[in-house]
Amino acid sequence: MSEPKISMVDLEHIAKLARINLTESEKTIFLPQLESVLEYLDVLNQVNTDNVEPTFRVNDQKNVLRDDLIKDSFDQKTALSSASKTQDGYFVVPGTIKK
Amino acid sequence: MDLKNLTITQIQELLFSKKITAVEIVNFYLERIKKIDSQIKAFITVTEKEALKKAKVIDEKIKKGESVGKLAGAVMAVKDIFLTKDIKSTASSQVLKGYIPQYSSTVYQKLIDEDAIIIGKTNTDPFAFGGSTENSGFFTTKNPWNLSKVPGGSSGGSAAAVAADLCQFALGTDTGGSIRQPASLCGISGLKPTYGLNSRFGITAMASSFDCPGVFAKNIADLALVTQITAGVDSKDATTVDNPVPDYSKLLKDVNLKGLKIGLPKEYFSDPINSEVKDKVMLAAKEFEKKGATLVDISLPSTNLGIAVYYVLVPSEISANMARYDGIRFGQNTGNNPDIISYYMNTRGKYMEAEVKRRIIIGTYALSSGYYDAYYTKASKVRTLIKNEFVDALKNVDIILAPVSPTTAWDIGAKANDPLQMYLADAFSVCINVAGIPSVALPCGFDSQNLPIGFQLIGNFFEESKILSVAHQYQQFTDYHLKETPLSRGDARRAEGF
């Protein structure tokens, strides 16, 4: 059997990078599912792509520019209307640096 | 008056000749929704108040002899990942439960500006991640042809709503088959346009280099009419292309099947295809041949790599796009947390559905240090190969004909615990998205369980006119698109599979 593509330690690390808290039962379910998906993706390694340019976008649009004009946008009240917590016209977030 | 199986244009003729009012049209669909949607569950939100209000405005304009929009009286359902100002837009995820957007998606706005009437928001896999609607954070939509089967997905609610005559047309998005596959599984028509034809602005982003908003309807004429309105450059989506929009409706008749070269890619008629699907799709090809078209065997050898390319690139783009759901500016959150990192982790951990988490994790893995070249760069190179194969094939044939889904609709729950099996169901749809070209799906028969079978007509970049006109011709000499689901006929027992 080949080496597993992803270990429990990897999964926990990746979930942390992605800022997703996984429960123990989710980890147990996801690990073999991710392993089988990653194993399936191995088919790509059998393809010769020497001298092939990657495609990152399918049409030829690039550097689409517009005039730098001031246009109407949301007022402060509208912009904040979906936030769970606001104060004095700002979004409120938990502390980002420790006291 | 029975509006089922009338085209939008036919309904508008009734409206403008004052044989029916817009309010009566809306009530026709509202009554159907009240009667049968509790069984199908196509809708997350029914916008009864908004629909009746808009209908009254249209009726008033007609009464006074004022001009109305090009889609006056056309009743639409909208996939819940399209933002609709002041109307709840959840993307079928607990993440956005209760979210009321402050602005509208461009495509939706263009349609209501032409007096289309929104009747509701439809169920989907959360953020369009899935192929059956079973991943929805709220409920699973049932296939109107058989309530024990999935409607396909991700735009399953929109497809089911059109199939069961709960609206005239519906909006969906097709990132890997999410319009064509549910259209095929529900026996209706659906257009995945060229990438960049319809604006993505205001639609929850899945994979930005793949996402294509598009339309479902019972017939190709309606797809042409609605796409006429949705298409075109949008300053809010820099990937939309500034080409003049052709008159799709007018061009529908502008095709000669005699001498039309139709390519049949052998990879799409082999494993994993079900034999009943293969037979019916081949029969559709033969019907074109009888009308004078030439069938040409072609090969798209990289087809078997499509799923792998897709499930590297799409989760990678997903992992970036989903970073915005931080529970701060919008969406549900877990309230008090000691610091911002635990706020993010707990909020995303609690409200994101399993498939959302899986795809973010696959994408984060593929983009992470040490794996980027092996996955993302490699898949982007294979993407080039797949795209070039289509472009080269379309130098020798006018159009490509293929099945949409290897099977008809499957039992609810059958693939729910095996993500890879669910992904493989997209085998015949994803390559078109990888390449970015347009494809229209339409029905061509039924299997032995009376479940619909569909096929797709694939064209080169911006050849919507060509594929729509060929598809339209097919609907002139076949009547599969006119078949009603058992539920539409009021035959609930048959729909339950008795």
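A residue is counted as buried when its relative accessible area is under 20%. In the predicted model examined here, this cut-off applies to B:Lys218, which is buried because its relative accessible area is 8%, under 20%. B:Asp165 likewise counts as buried, at 3% relative accessibility. These two residues form a salt bridge with each other, in which the closest N and O atoms are 2.7 Å apart. The pair links distant parts of chain B, with the two positions 53 residues apart in numbering. B:Asp165 is located in the loop between helix H5 (156-163) and strand S4 (169-173), whereas B:Lys218 is found in the loop between strand S6 (213-217) and helix H7 (220-230).

Side chains of opposite charge can pair when their charged atoms come close. Over all chains, the structure holds 21 salt bridges. One of the pairs, formed by the side chains of A:Glu26 and B:Lys357, has an N to O distance of 2.5 Å. A:Glu26 belongs to helix H2 (residues 24-41) of chain A and B:Lys357 to helix H12 (residues 354-367) of chain B, so this salt bridge joins two chains. Both A:Glu26 and B:Lys357 are buried.

Helix H12 of chain B also contains B:Arg358 and B:Glu355. A salt bridge connects B:Arg358 with B:Glu355, the closest N and O atoms lying 2.8 Å apart. Because the two residues are three positions apart in the helix, about one helical turn separates B:Arg358 from B:Glu355. Both of these residues are buried.

In chain A, a network of salt bridges links A:Glu12, A:Glu24 and A:Lys27.

How values were computed
Residues numbered from 1 in each chain as written. Chains lettered and ligands numbered in written order. Predicted model: local features only at pLDDT ≥ 70, side-chain atom pairs only at ≥ 80, totals over all residues. Heavy atoms only, no water. Salt bridge = Lys/Arg side-chain N within 4 Å of Asp/Glu carboxyl O. Helix = DSSP H or I, 4+ residues; strand = E, 2+ residues; numbered from the N terminus. Buried < 20%, exposed > 50% of the residue type's maximum accessible area, 1.4 Å probe, protein only.
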